[in-house]
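Subject: Structure handover

Hello,

I am passing this structure on to you, since you have not worked with it before. Please have it open while you read the notes.

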Amino acid sequence: MNQAAPKPHSLPVPEPDALEHSRRLTAYLADAIDAAGGWLPFDRFMELALYAPGLGYYAAGAAKFGRLAADGSDFVTAPELTPFFARTLARQIGEIFEQTGDAQVLEFGAGSGRLAADLLLALDAEGTPCERYSIMELSGELRARQRETIANAAPHLLDRVAWLDRLPDAFHGVMLGNEVLDAMPVRLWTRRPDDTGQPVWFERGVVRTQDGFAWEAHRHTGPLPQALDALTDLPPMQEYRTETHEAASAFVRSVAPLLARGVLLLVDYGFPSREYYHPQRADGTLMCHYRHHAHDDPFYYPGLQDITAHVEFSGIADAGVEAGLDLLGFTSQARFLMNAGIIELMSALDPSDPKVFLPAAAAAQKLLSEAEMGELFKVIAFGRGMDEWAGLLGFATGDRSHAL
């Protein structure tokens with residue numbers, strides 16, 4: 001099977017080694033489609049494209065996280081933008097440490113290790129040191145990169161870090177996930193009227209072609225996912241595409257029982273159900289990232305690009321509460337960071353030193369601006385055993401839990 005030709009969006013052409021890697025994953029995906037009878041639901045395609053052992057985007061050696069396409073990366077995350085993200089987050093985590101007496105962090109999918117390194121340093125500086133920082137990371141390549149990042153930035157703290165091969169039976173402290181939920185497989189749905197004008201739902205999947213992969217939608221005859229009930233105001237004749245997030249909800253349900261005492265803190269981009277399943281969001285939120293270009297073609301060079309969807313936070317909230325956790329707060333990233341003191345931290349910078357101040361201020365602006373990450377990104381927190389606590393610092397004002 002040949003690698004699909006680049007589409008007219010003129011994305012950068014990969015290097016020969018990367019092309020060969022993509023060809024191997026393309027063949028692997030094609031075999032999976034054949035084994036499934038010629039049609040693969042998109043969530044399974046996305047799972048293999050991202051996580052197939054040794055071949056998937058997150059299981060192989062691409063740079064992924066960085067600030068510029070020139071460094072070989074595909075997208076930037078808040079910790080890569082500025083250490084002030086971690087320094088502000090450390091204030092919230094330190095408060096939880098003091099309240100619970102459990103100075104431990106368990107991070108899911110630690111990316112480049114930048115957040116872990118900056119958090120370890122910031123928690124020490126705040127006087128609330130992390131005694132043990134555990135990382136749950138499936139990719140061996142990313143584990144090595146995380147170790148290198150922490151060793152370079154905080155060599156004296158590396159002995160506090162452990163990489164886990166399996167989740168603990170019980171955990172006391174802070175469970176943390178930054179941009180983890182958006183990379184979990186989603187099911188794709190499309191609704192369109194049939195010959196009689198009645199709306200019909202189809203599940204979108206993938207078939208193989210001579211040149212690559214193509215979409216094929218199968219009419220859905222069973223019960224629809226409950227999340228789609230939010231589309232009650234959709235005009236009958238309107239065509240509509242969207243996603244459901246079974247994998248992300250299952251992740252929350254699976255880790256919730258492990259939290260014996262403490263907080264599960266998740267940061268990601270997305271919306272509550274009523275915004276997510278809005279009639280005007282008719283094309284869904286599926287997006288791909290390659291060399292800092294965003295596009296909507298998940299078949300472009302499999303294994304070399306990220307595939308994501310915005311998070312539907314009402315479903316995440318329901319999953320956590322159904323699993324026995326208390327919902328402690330939900331708000332925008334901007335409000336969370338301001339509540340936790342990012343402005344105070346930034347005020348310590350000397351504006352008369354433009355080489356330091358201007359890049360730091362620009363990065364902070366991106367974290368906080370409604371036109372950038374400030375409004376699109378949300379923070380949600382769950383807890384167990386926190387009944388006597390008045391509330392989390394990051395949700396002191398502007399809590400939007402009622403919108404879930």
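The notes below start with the whole chain and then turn to salt bridges and one residue in a helix.

Please keep in mind throughout that this is a predicted model.

Overall picture

The protein chain contains twelve helices and 18 strands. Along the principal axes, its C-alpha atoms fill a box of roughly 65 × 50 × 45 Å. The radius of gyration is 22 Å, which agrees with the value near 22 Å that a compact globule of 404 residues would have. Of those 404 residues, 53% count as buried.

The contacts give a further view of the fold. Taking contacts between residues at least 6 apart in sequence, 77% join residues at least 24 apart.

As for the surface, the accessible area of the protein chain is about 17300 Å². Carbon and sulfur atoms account for 51% of that area. The chain carries 33 positive and 55 negative charges, and the mean positions of these two sets are 2 Å apart.

Salt bridges

How many salt bridges does the structure hold? There are 14. I describe a few of them here.

Arg24 pairs with Glu20, with 4.0 Å between the closest N and O atoms. Both residues belong to helix α1, which covers residues 16–35. Because Arg24 and Glu20 are four residues apart in that helix, about one helical turn separates them. Arg24 is partly exposed at 41% relative accessibility, and Glu20 is also partly exposed, at 36%.

A second pair lies in helix α2 (residues 42–51), where Arg44 and Glu47 are three residues apart, about one turn of the helix. These two form a salt bridge whose closest N and O atoms are 3.2 Å apart. The relative accessible area of Arg44 is 36%, so Arg44 counts as partly exposed. Glu47 is partly exposed as well, at 33%.

The third pair is Arg400 with Glu375, and here the closest N and O atoms are 2.8 Å apart. This salt bridge links distant parts of the chain, its two residues being 25 residues apart. Arg400 sits in the segment after β18 (377–384), while Glu375 is in the loop between α12 (354–368) and β18. Arg400 is partly exposed, with 25% relative accessibility. For Glu375 the relative accessible area is 26%, which again means partly exposed.

Some salt bridges share partners: in this way Glu20, Arg23 and Arg24 are joined into one network.

A residue in helix α10

Is Gln333 buried or exposed? Its relative accessibility is 1%, and since buried means under 20%, Gln333 counts as buried. Gln333 is located in helix α10, which covers residues 333–339.

Which residues does Gln333 touch, leaving aside those up to four places away in sequence? Phe85 and Val267 are among them, and so are Leu367, Met373 and Gly374. Phe377, Lys378 and Val379 are also touched by Gln333. Of these, Phe377 falls within the residue range given for β18, 377–384.

That is what I have for now.

Regards

Key
Residues are numbered from 1 along each chain as its sequence is written. This is a predicted model: local features need pLDDT of at least 70, side-chain atom pairs count only at pLDDT 80 or more; totals for chains, interfaces and linings use all residues. Side-chain values use heavy atoms; hydrogens and water are left out. The radius of gyration is taken over C-alpha atoms; the globule rule is 2.2 Å times the number of residues to the power 0.38. Buried means under 20% relative accessible area, exposed over 50%, partly exposed in between (1.4 Å probe, protein chains only). Contact means heavy atoms within 4.5 Å. Accessible areas come from the Shrake-Rupley method with a 1.4 Å probe; for residues, only the protein chains shown count as cover. Lys and Arg count as positive and Asp and Glu as negative; His and the chain ends are not counted. The place of a charge is taken as NZ of Lys, CZ of Arg, CG of Asp or CD of Glu. A salt bridge is a side-chain nitrogen of Lys or Arg within 4 Å of a carboxyl oxygen of Asp or Glu.
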